[in-house]
Amino acid sequence: MTTLSDPPRESFRLSMLLNDTRYRSYTFQFIALLCVIALFSFLGYNLVKNLQAAGLNISYKFLGETSNYDINQTLIDYSSQSTHWRAAVVGVLNTLLVAFLACVTATIIGVVAGVLRLSKNWLISKLMAVYVEAFRNVPVLIWIIIIFTVMTAVLPQPRDFRGENATASMWFDAVAFTNRGVYIPKPVLESGGMAVVIVFLLSIVGVFAYRRYATKLLYATGKMLPTGWPTLAILFVPALLTYFVLGKPISLEMPVLAGFNFKGGINILGSLIALWFALAIYTGAFIAENVRAGIQAVSRGQTEAAASLGLRPGRIMNLVILPQALRVIIPPLISNYLNITKNSSLAIAVGYMDITGTLGGITLNQTGRAIEAILLLMAFYLAISLAISFIMNIYNSKMKLKER
Amino acid sequence: MKKSVILGALTVAGLAAGAAGAATLDDVKARGKLNCGVTTGLVGFAAPDANGEWDGFDVGVCRAVAAAVLGDPAAVEFVPTTGKTRFTALASGEIDMLARNTTWTFSRDTDLKFDFVGVNYYDGQGFMVPKALGVSSAKELDGATVCIQTGTTTELNLADFFRSNNMEYTPVPIETNAEAQQQYLAGACDVYTTDASGLAATRAAFEAPGDHVVLPEIVSKEPLGPLVRHGDNDWGDIVRWTLNALIAAEELGVTSANIEELSAGTENPEVNRLLGTEGNLGEMIGLDAGWGKAAIAAGGNYGELFEKNIGENTPIALSRGLNAQWTDGGLLYAPPFR
């Protein structure tokens, strides 16, 4: 047996940067990095130089100035005397609102359509195929405008609700569908109203606790508790009891036709509805395809094995197929959520005042600070997109196949 | 992701690079065409006619400048701009001048680095409502839904007007005049507000113009005029004096009908200087001696442009009002040509 002696250690020579495969890749990466840095510093320098030549300078002072314009949907207090910064925040909230609503709705539509597209019923599966193909092959901007135009043209004007021979009427005297939006009653909390809300929130927690207990009991003893009616009971009975015991502390403020428009209640703007539904049905079509792909990725043997254990088709889908399919569905779902958020910047087409409409639209125009406003806008969308990816990636790593 | 931020800055830098420095007059001459920014379509002011030719009051100013600089009123590339895109288009050098019923304000002239060369229409903001609403004054508009073109001074005036009168309203922001018209007619808003001239032009395009009224209140001063980039004063002078030539021509009685006859030489030295048969005004601004003649011959003098495009015999039916010559009690007052 011979002992292996170490090969003679070569000392590092400069030529090794090119000749030695161990270092060569680093050399080229470093050169590429230098080139990129040089390019961007040239561009930055060029920008600054040209701005100076034009007598302009980068400054965010305008954010503190009075905006002088009004916004039609404000989730926080805002008037034309507020600052441009406040207007930008109003825009951010409007963007987040429509993105959240559209994400939730698109997920529901997508999951239902994706599952139904695999239905054995010929008519249903073909209907869903038509939905998916029609909606994902037409640009979302067109859908936004179609829905908005149809709404303004078909729904009655507020003044049609007026007079003896009104051509339109409210539903149950509480909901009015007009071409300016939908007016719904607004809950008003009186003293003690908060208690009812708290009880209801506690009931929701209770429902989850009950379901956990039922599952645990099932696994431990095989005894199955009913979940349908107890859920409903836990959800509504305590809240209703508190409501009546405290003497109906929550009342509804009904929308009433007064002057030019309905007053009171909550006004859901037509532009919000158009944008929300257009984004939801458009992205829903993409999600439907993801869901279908995810389900088909689960091997058929799983279904057959579950069926041979005597599970009903609904349970096979919920307990066997979907949990495995989710692993395939979630990553593309994240990018669909990102798409919804970014596509919501098309809001200006229907006059919905999102961040692109306030900061990137009116503020930019009235102050002329194009570069500043666009940079801020990019930073916002970047931050939001990264936040969504972060949250969804946490969910993804929770759901993904755990190898033990 | 970070790259996209910088790439955006790069685009802006590229645009700014195009804008800085170069003399606009040389660029226009080298190109053989004037790039003129106009509206996306406002009948009477700037809109393509049935043959696709741009026509209108603002278009007339563009054609006059093209005729003065290049000798050909047809050598214009019309660039339709919205209220939002117009200033970026001008600042970036995409267009050489903007004739798009744009209000002359302090901040646009100074902070945005533009130069307004004059006023071609003295206007004010008005409100239009359907007659069926039974509204007779803008003070009765409390609670109304108002259609408004976004990115305009009217947006700010509207906020001021309703605030100072302690009234509430819901704004419906809209990108172009055509969309505003559609929304207003569908009843998505009760009121449409913009410059009174724009309201008249829009109303003229309705199927039943008589069903709509323009309310008597004019809530702001809106001096509309052509503008150029700040910094190129030679080019600014050319556009300014072309506009003045059109106004002076009306005052001096020079029309497209008699211009050939007058350019043979007249008793009036100012007419001679304007038409280039006397003095060297053209040379002073770097153009031919016949620049003034070409500008006026392009579409007629100011009065002719007005009557043909927006005057009382057109569907838009605007009276001269403030836009009459100073000799007729109006505000048009061209400085002397000497």
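**Exercise 1. Describe how helix α3 (residues 57-70) of chain B packs against helix α13 (residues 291-299) of chain B, and say which residues make the contact.**

Step 1. Two packed helices are described by the angle between their axes and the distance between the axes. In this predicted model, the axes of α3(B) and α13(B) come within 7 Å and cross at roughly 145°.

Step 2. The crossing in which α3(B) passes α13(B) is right-handed.

Step 3. On the side of α3(B), the contact is made by Gly60(B), Arg63(B), Ala64(B), Ala67(B) and Ala68(B), while α13(B) contributes Trp291(B), Ala294(B), Ala295(B), Ala297(B), Ala298(B) and Gly299(B).

Step 4. Sorted by class, the residues of this contact comprise eight nonpolar, two polar and one charged.

**Exercise 2. Characterise the side of chain B that touches chain A, by element and by residue class.**

Step 1. Begin with the residue counts: chain B brings 41 residues to the contact, and chain A brings 39.

Step 2. On the side of chain B, the elements that give two or more residues are α1 (2-19), α4 (86-91), β9 (144-149), α6 (153-164) and β10 (169-174) of chain B. Of these, α1(B) gives the most, with eleven residues.

Step 3. The class composition of this side of chain B is 22 nonpolar, eleven polar and eight charged residues.

**Exercise 3. Work out the strand order of the three-stranded sheet in chain A that contains β1, β2 and β7, and place helix α8 (residues 270-297) of chain A relative to β2 and β7.**

Step 1. Strands of a sheet pair through backbone hydrogen bonds, either parallel or antiparallel. Here the pairing is antiparallel, and the three strands form an open sheet in the order β1-β2-β7 (chain A).

Step 2. The edges are β1 (176-178) and β7 (266-269) of chain A, each of which pairs on one side only. Ignoring direction, neighbouring strands are turned against each other by 15° on average.

Step 3. For the register of one pair, take β1(A) and β2 (residues 181-184) of chain A, which are joined in the antiparallel sense over three bridges; Thr178(A) stands opposite Gly181(A) in β2(A).

Step 4. Helix α8(A) lies across β2 and β7 of chain A and runs at about 50° to β7(A).

**Exercise 4. Compare two of the annotated transmembrane spans of chain A with their modelled secondary structure.**

Step 1. The unreviewed UniProt entry places the feature "transmembrane region" at several spans of chain A, including residues 26-48 and 373-395.

Step 2. In the model, residues 26-48 of chain A are 100% helix and 0% strand, with end C-alpha atoms 33 Å apart.

Step 3. For residues 373-395 of chain A, the span is likewise 100% helix and 0% strand, and the end C-alpha atoms lie 33 Å apart.

Note on methods: Residues numbered from 1 in each chain as written. Chains lettered and ligands numbered in written order. Predicted model: local features only at pLDDT ≥ 70, side-chain atom pairs only at ≥ 80, totals over all residues. UniProt positions renumbered as here; feature names shortened; annotations may be inferred. Helix = DSSP H or I, 4+ residues; strand = E, 2+ residues; numbered from the N terminus. Contact = placed C-beta atoms within 7 Å. Nonpolar A, V, L, I, M, F, W, Y, C, P; charged D, E, K, R; others polar. Axes fitted to C-alpha atoms, helices over the stretch in contact; angles between N-to-C directions. Left-handed = near helix turned anticlockwise from the far one by under 90°. Pairing = 2+ DSSP bridges.
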